[in-house]
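Work through the exercises below with the structure in view. Try each task before reading its solution.

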Amino acid sequence: MGGSMAGSMAGSMGGSMGGGADYPDVVQKVTTGPQLGEPLPIELANATYAVRGRPQDGLRTVEQLALWLEGVNGRLPVPLSKSVLRSVDEADLERARELREAVRSIAACAVRGARPPQAALDMLNERAAAAPCWRELRWEKSPASALQHDGPPVTAVLASIAQGAVDLFAGPGLDDLRACHGPGCVLFFVKDHPRREWCSAACGNRARAARHYARVREQKA
């Protein structure tokens with residue numbers, strides 16, 4: 001899971017806290033936070049990031065939420081139409097922000113082996129139950145399943161992301177969940193390679209540079 005760049009949308013809106021600075025060019029063009037190909041719950045959590053150590057909120061406005069959804073639209077179980085993306089409203093934004101904070105809170109505790117706050121667990125479960133989803137069998141030239149949902153499209157998408165978070169935190173993927181320790185970074189990632197230590201190559205480069213400069217200072221001291 002994760003690792004490849006997924007954010008390709010451009011925007012000019014501002015940024016809640018988050019990852020390290022100087023992401024690759026494709027990420028610098030967006031202001032909803034880096035989309036690095038992580039599981040969708042982690043992508044949502046990473047809409048809290050940082051640029052040059054400065055906190056950024058990637059879901060501060062309705063426009064930012066619409067851009068974030070557009071950026072992950074190809075990975076959603078039921079992609080959102082352009083008309084739905086244009087109709088994102090303040091209620092959707094509030095639900096997305098609450099879900100993001102719940103996922104971040106649970107992830108921060110999980111990587112330390114601590115029990116998350118009950119309020120975060122309750123919020124995640126509430127969002128997961130907000131719009132029930134199910135699969136139906138379709139049979140045209142060959143059998144296939146189609147995901148269906150009950151509720152407004154954006155609510156259903158957020159519910160599916162919340163359900164994905166439940167599966168991540170309660171499943172084997174939890175063992176691979178990491179907090180990036182790059183300088184100034186507050187992003188999470190799912191370790192998809194034994195040697196992966198950072199959320200991105202850029203963070204790894206900054207960490208190696210920081211270690212190098214620290215050794216140089218020690219030698220001069």
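**Exercise 1: a pair within one helix**

In this predicted model, Arg 95 has a relative accessibility of 23% and counts as partly exposed.

Task: Find which residue forms a salt bridge with Arg 95, and state whether that residue is buried or exposed.

Solution.
1. The salt-bridge partner of Arg 95 is Asp 92, with the closest N and O atoms 2.8 Å apart.
2. Both residues belong to helix H5, where they sit 3 residues apart, about one turn of the helix.
3. An α-helix has 3.6 residues a turn, so residues three or four places apart point the same way.
4. Buried means under 20% relative accessible area. Asp 92, at 7%, is therefore buried.

**Exercise 2: a pair between elements**

Task: State where Arg 100 and Asp 57 lie, and whether each is buried or exposed.

Solution.
1. A salt bridge joins the two side chains, at 3.0 Å from N to O.
2. Arg 100 is in helix H5 and Asp 57 in strand S2 (residues 54–57), so the pair links distant parts of the chain, 43 residues apart.
3. Relative accessibility is 1% for Arg 100, which counts as buried. Asp 57, at 10%, is buried as well.
4. These two residues also belong to a network of salt bridges with Arg 97 and Glu 101.

**Exercise 3: a pair with a loop**

Task: Explain which parts the salt bridge between Glu 43 and Arg 75 ties together.

Solution.
1. The closest N and O atoms of Glu 43 and Arg 75 are 2.9 Å apart.
2. Glu 43 lies in helix H2 and Arg 75 in the loop between H3 and H4, so parts 32 residues apart in sequence are tied together.
3. Glu 43 is buried at 0% relative accessibility, whereas Arg 75 is partly exposed at 34%.

How values were computed. Residues are numbered from 1 along each chain as its sequence is written. This is a predicted model: local features need pLDDT of at least 70, side-chain atom pairs count only at pLDDT 80 or more; totals for chains, interfaces and linings use all residues. Side-chain values use heavy atoms; hydrogens and water are left out. A salt bridge is a side-chain nitrogen of Lys or Arg within 4 Å of a carboxyl oxygen of Asp or Glu. Helices (H or I, at least four residues) and strands (E, at least two) are DSSP runs, numbered from the N terminus. Buried means under 20% relative accessible area, exposed over 50%, partly exposed in between (1.4 Å probe, protein chains only).
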